[in-house]
Amino acid sequence: MKIDRREVENVARLARLEVTDQDVDRLTGQIDGILTYMEKLNELDTTGLEPMAHSLTLATPYREDEVKPSLDVEEALANAPEREGNFIVVPRVI
């Protein structure tokens, strides 16, 4: 085993998690399985491979910035439930 009950209990205490004895047994087995798998992955030869953040090549579509006409004040405030001049009236939050 890569991890024991004492370590799981210590991590739970540090994280301020309340765990039962059954939880500790279950978590010990699960975490041990994860660590064993990670050890197996560490055996792979990854020399010459570029680090990647995603398994697919994704492109972010960009567009040129264009100046476009915006709404005039009356059109922008047409659906405002209540307005005061050129502003929307909202409830006060304190």
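Where along the chain is Gly85 found? Keep that in mind as you go through these points on the model, which is a predicted one.

1. **The glycine first.** Gly85 sits in the loop that links β1 (83–84) to β2 (87–88). Is Gly85 buried or exposed? Its relative accessibility is 53%, and the cut-off for exposed is over 50%, so Gly85 counts as exposed. Try finding Leu14 as well: Gly85 and Leu14 are 71 residues apart in sequence, and their C-alpha atoms are 55 Å apart in space.

2. **The order of the elements.** Stepping back, the protein chain has three helices and two strands. If you walk along the sequence, you meet them in the pattern α-α-α-β-β. Why is this chain described as more spread out than a compact globule? The radius of gyration is 29 Å, while the globule rule gives 12 Å for 94 residues; the value is well over the rule, so the chain is more spread out than a compact globule.

3. **Spans and burial.** You can put some numbers on that picture by looking at the C-alpha trace, which spans about 70 × 45 × 15 Å along its principal axes. How much of the chain is buried? Buried residues make up 9% of the 94 residues. As for contacts with a separation of 6 or more, 33% of them come from residues 24 or more positions apart.

4. **Surface and charge.** The protein chain exposes about 9,500 Å², and carbon and sulfur atoms supply 54% of that area. Now count the charges: there are 11 positive and 20 negative side chains. The centres of these two sets lie 6 Å apart.

5. **Charged pairs.** Here is a bit of background: side chains of opposite charge can pair when their charged atoms come close. How many salt bridges turn up in a search of the whole structure? The search finds seven. The next points take a few of them in turn.

6. **Arg6 and Asp4.** These two form a salt bridge in which the closest N and O atoms are 4.0 Å apart. Arg6 counts as exposed, at 58% relative accessibility. Asp4 counts as partly exposed, at 31%.

7. **Asp23 and Arg26.** Another salt bridge joins the side chains of Asp23 and Arg26, at 3.3 Å from N to O. What separates these partners along the helix? Both belong to helix α2 (residues 21–42), and they are three residues apart, so about one helical turn separates them. Asp23 is partly exposed, with a relative accessible area of 23%, and Arg26 is also partly exposed, at 44% relative accessibility.

8. **Arg83 and Glu74.** The side chains of Arg83 and Glu74 meet in a salt bridge too, with 3.2 Å from N to O. Arg83 is partly exposed at 32% relative accessibility, and Glu74 is partly exposed at 49%. There is also a network to look for: salt bridges that share partners join Arg5, Glu9, Asp21 and Asp25 into one.

9. **A backbone detail to check.** Which residue has a positive phi although it is not a glycine? That is Arg16, with a phi of about 55°. Arg16 is found in the loop between α1 (5–14) and α2. With a relative accessible area of 78%, Arg16 is exposed.

Technical notes
Residues numbered from 1 in each chain as written. Predicted model: local features only at pLDDT ≥ 70, side-chain atom pairs only at ≥ 80, totals over all residues. Heavy atoms only, no water. Helix = DSSP H or I, 4+ residues; strand = E, 2+ residues; numbered from the N terminus. Rg over C-alpha atoms; globule rule 2.2 N^0.38 Å. Buried < 20%, exposed > 50% of the residue type's maximum accessible area, 1.4 Å probe, protein only. Contact = heavy atoms within 4.5 Å. Areas by Shrake-Rupley, 256 points an atom, 1.4 Å probe, with all protein chains shown as cover. Lys, Arg positive; Asp, Glu negative; His and termini not counted. Charge placed at Lys NZ, Arg CZ, Asp CG, Glu CD.
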